[in-house]
Amino acid sequence: IQSRVTILQAIDGTKVIVPNGDLFKKQVTSFTSNPFRKIEVVVGVEYRSDLENVIKICMKAVKSTKGILLEPKPAVLIGEFGDSAITIKVKAWVDSKSGWIKIKSNLTLAIKKLFDEHNVTIPWPIRTVVEDKDQNYTEKLLQDAIVEEVAAQPGAPEAAVTATTQVAPVPQGVPVMAEGTPQVMAQAQVAQPVTVPIEETQDQGLKPLNEQR
């Protein structure tokens, strides 16, 4: 600490020169003034994992990592339910001047090795796709697709068409029956005209209609 500036040493070994005015006005974080420093490793496990067993495995990794202090005591906590994994937080204390970055790396490596030995899976991002098997819903989607295809054709009306019914044309002269009335159609045979020679009509006399020849 000088009269006008304060010279600090960063974690990567570089020197940081801070004016004393800024030093007193702004927040300053010190990584070495406290003899202990807490490190944290966050890892996700799949939902089918035995969480109690996972906690024991993580604690075993903590105790086997060199440089981690037993006092203050380390802790393994369940964080939260993520999109595809349950978050586990491993917290431990180390000496501030003992290279805590290297110790954190060794702890992460120890956790991964123990997970592989005990078949604890660190899941990939998971997305669940649900297929709707409702037949009515599927038919409606198909019908909507047909309507959209018809509407996209040139000259199609702007109004949406939901259904098309083809009705056979009714011939002229045929009465239209009310809906629900049974219709009986009969085809009448029309007699063809018969030509009789004139000589035959002169020789034979006329007879009543109810008599046969």
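## Overall picture

A residue is called buried when its relative accessible area is under 20%, exposed when that value is over 50%, and partly exposed in between. By this rule, buried residues make up 19% of the 213 residues in the protein, which is shown here as a predicted model. The accessible surface comes to about 18,500 Å², and 55% of it belongs to carbon and sulfur atoms.

The protein has five helices and six strands, and read from the N terminus these elements follow the order β-β-α-β-α-β-β-β-α-α-α. Contacts between residues at least 6 apart in sequence can also be sorted by how far apart the partners are, and 61% of them join residues at least 24 apart.

## Helix α2 and its two sides

Helix α2, residues 51-64, has 14 residues and reaches 20 Å from its first C-alpha to its last, close to the 20 Å expected at 1.5 Å a residue. Its buried residues include Val54, Ile57, Cys58, Ala61 and Val62. They cover an arc of only 145° around the axis, and therefore they sit on the same side of α2. A general rule helps in reading such a pattern: an α-helix has 3.6 residues a turn, so residues three or four places apart point the same way.

The face of α2 turned away from this buried side carries the exposed residues Glu52, Lys56, Lys63 and Ser64. The buried residues of α2, for their part, pack against the strands β3, β4, β5 and β6 and also against helix α3.

## Helix α3 and what covers it

Helix α3 runs over residues 100-117, and because each of its 18 residues should add 1.5 Å, a span of 26 Å is expected, which agrees with the 26 Å between its end C-alpha atoms. Within α3, the residues Trp100, Ile103, Leu107, Ala110, Ile111, Leu114 and Phe115 are buried. Seen down the axis of α3, these buried residues fall within an arc of 130°, so they line one face of the helix.

On the other side of α3, Ile101, Lys102 and Lys113 are exposed. What covers the buried residues of α3 includes the strands β3, β4 and β6 together with helix α2. Just after α3, Asn119 takes a positive phi of about 60°.

## Salt bridges

Side chains of opposite charge can pair when their charged atoms come close. The structure holds three salt bridges. In one of them the side chains of Glu40 and Lys91 meet, with 3.7 Å from N to O. Because Glu40 lies in strand β3 and Lys91 in strand β6, this pair ties together parts that are 51 residues apart in sequence. Glu40 counts as partly exposed, at 31% relative accessibility, and Lys91 is likewise partly exposed, at 22%.

Another salt bridge lies within helix α3, where the side chains of Asp116 and Lys112 meet at 2.8 Å, N to O. Asp116 and Lys112 are four residues apart in the helix, which means that about one helical turn separates them. Asp116 is partly exposed, with a relative accessible area of 47%, and Lys112 is partly exposed at 40%. A further salt bridge joins Arg48 to Glu46, the closest N and O atoms being 3.3 Å apart, and Arg48 counts as exposed because its relative accessibility is 73%.

## A surface patch and the start of the chain

Leu8, Val16 and Val28 make a nonpolar surface patch of about 210 Å². Of these residues, Val28 lies in the loop between helix α1 (20-25) and strand β3 (36-45), and at 46% relative accessibility Val28 counts as partly exposed.

At the start of the chain, Ile1 is placed in the segment before strand β1, which covers residues 5-9. Ile1 counts as exposed, with a relative accessibility of 87%. Although Ile1 and Ile17 are 16 residues apart in sequence, their C-alpha atoms are 9.9 Å apart in space.

Key. Residues are numbered from 1 along each chain as its sequence is written. This is a predicted model: local features need pLDDT of at least 70, side-chain atom pairs count only at pLDDT 80 or more; totals for chains, interfaces and linings use all residues. Side-chain values use heavy atoms; hydrogens and water are left out. Patches are made of residues with over 30% relative accessible area and no salt bridge: like charges are joined within 9 Å, nonpolar side chains (Val, Leu, Ile, Met, Phe, Trp, Tyr) within 5 Å. Accessible areas come from the Shrake-Rupley method with a 1.4 Å probe; for residues, only the protein chains shown count as cover. A salt bridge is a side-chain nitrogen of Lys or Arg within 4 Å of a carboxyl oxygen of Asp or Glu. Helices (H or I, at least four residues) and strands (E, at least two) are DSSP runs, numbered from the N terminus. Buried means under 20% relative accessible area, exposed over 50%, partly exposed in between (1.4 Å probe, protein chains only). The expected span of a helix is 1.5 Å times one less than its number of residues. The arc is that of the directions from the helix axis to the C-beta atoms. Contact means heavy atoms within 4.5 Å.
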